[in-house]
Amino acid sequence: MAKFLIVYHSRTGGSQQMAEAAFQAAREEIQTCLVPAEQAGPDDLLDADGYLFCAPENLAALSGVMKDFFDRCYYPVLGRIEGRAYAQMVCAGSDGESAARQTARIAQGWRLRAVQEPLIICTHAQTPDAILAPKSIPDADLAQCREIGQALAAGLAMGMF
Ligand SMILES: Cc1cc2nc3c(=O)[nH]c(=O)nc-3n(C[C@H](O)[C@H](O)[C@H](O)COP(=O)(O)O)c2cc1C
């Protein structure tokens, strides 16, 4: 039976809420693991048939902890996960495009198949105080995260990907 892996990193809670929303929807459809980037490794990737990556944009780049996950896993799984489906979600204060591009390039290197456009949720946190504050992602945005989780999981369950 197909398995779905969600890997996320979050510093102030936004990406975590997004990943958890996707997880709650996905687990209704298929066996799904939700793993923080710090704890995720090559075996998690090899063991799953599809992926959802979720992380913040920091300093116009993917957050360092998420990048470390990709750095640790890139060569151990290269050539072993080609063609698998993936999607990504970015939590951003104002932009998010750079982080999304970075993940897409890494996924392209792995020859993963993007089955959804990147979902970028903007928290509009732009002052230092707002950026450092805990985030609360609105329900309407979490609904989009649930949709991505559900769509990927359902596609995997039906063998569409
Ligand atoms: C050091 C730092 C750099 C950041 N740089 C960016 C940035 O380049 N672009 C952007 O859109 N948001 C930026 N942000 C804002 C975060 O993306 C935003 O606060 C987001 O909610 C963080 O996700 P999290 O709540 O999952 O940690 C930055 C935040 C921090 C702490």
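## Exercises on a cavity, a pocket and a ligand

By class, 7 nonpolar, 2 polar and no charged residues line the largest cavity. Here Ala, Val, Leu, Ile, Met, Phe, Trp, Tyr, Cys and Pro count as nonpolar, Asp, Glu, Lys and Arg as charged, and the others, Gly among them, as polar.

This is a predicted model, in which local features need pLDDT of at least 70, side-chain atom pairs count only at pLDDT 80 or more, and totals for chains, interfaces and linings use all residues. Residues are numbered from 1 along each chain as its sequence is written, and side-chain values use heavy atoms, with hydrogens and water left out.

**Exercise 1.** Find the residues that line the largest cavity.

*Solution.*
- Start with the term: on a 1 Å grid over the protein atoms alone, a cavity is a set of points where a 1.4 Å probe fits but cannot get out, while a pocket is an open set with protein on both sides within 12 Å along at least five of seven lines; lining residues have an atom within 4 Å of a point.
- Next, list the lining: Phe53, Cys54, Ala55, Leu62, Met66, Gln88, Met89, Val90 and Thr103.
- Then look for the elements that give two or more residues to this lining: they are β3 and β5. Strands are DSSP runs (E, at least two residues) and helices are runs of H or I (at least four), numbered from the N terminus.
- Finally, add the volume, about 30 Å³; a volume is the space filled by probe spheres set on the points, which are joined across faces, edges and corners.

**Exercise 2.** Describe the largest pocket and the space taken by the ligand.

*Solution.*
- The largest pocket has a volume of about 420 Å³.
- Of its 21 lining residues, Pro56, Glu57, Asn58, Gly93 and Ile131 lie nearest the centre.
- β3 contributes the most to this lining, with 3 residues.
- The ligand takes up the space of this largest pocket, where sitting in a pocket requires more than half of the molecule's atoms to lie within 2 Å of the pocket's grid points.

**Exercise 3.** Which backbone atoms come close to oxygen or nitrogen atoms of the ligand?

*Solution.*
- For Arg11, a polar backbone atom is 2.7 Å from an oxygen atom of the ligand.
- For Leu59, a polar backbone atom is 2.7 Å from a nitrogen atom of the ligand.
- For Cys91, a polar backbone atom is 3.3 Å from an oxygen atom of the ligand.

Notes. Polar contact = N/O pair within 3.5 Å; in protein donor to acceptor, adjacent residues only side chain to side chain.
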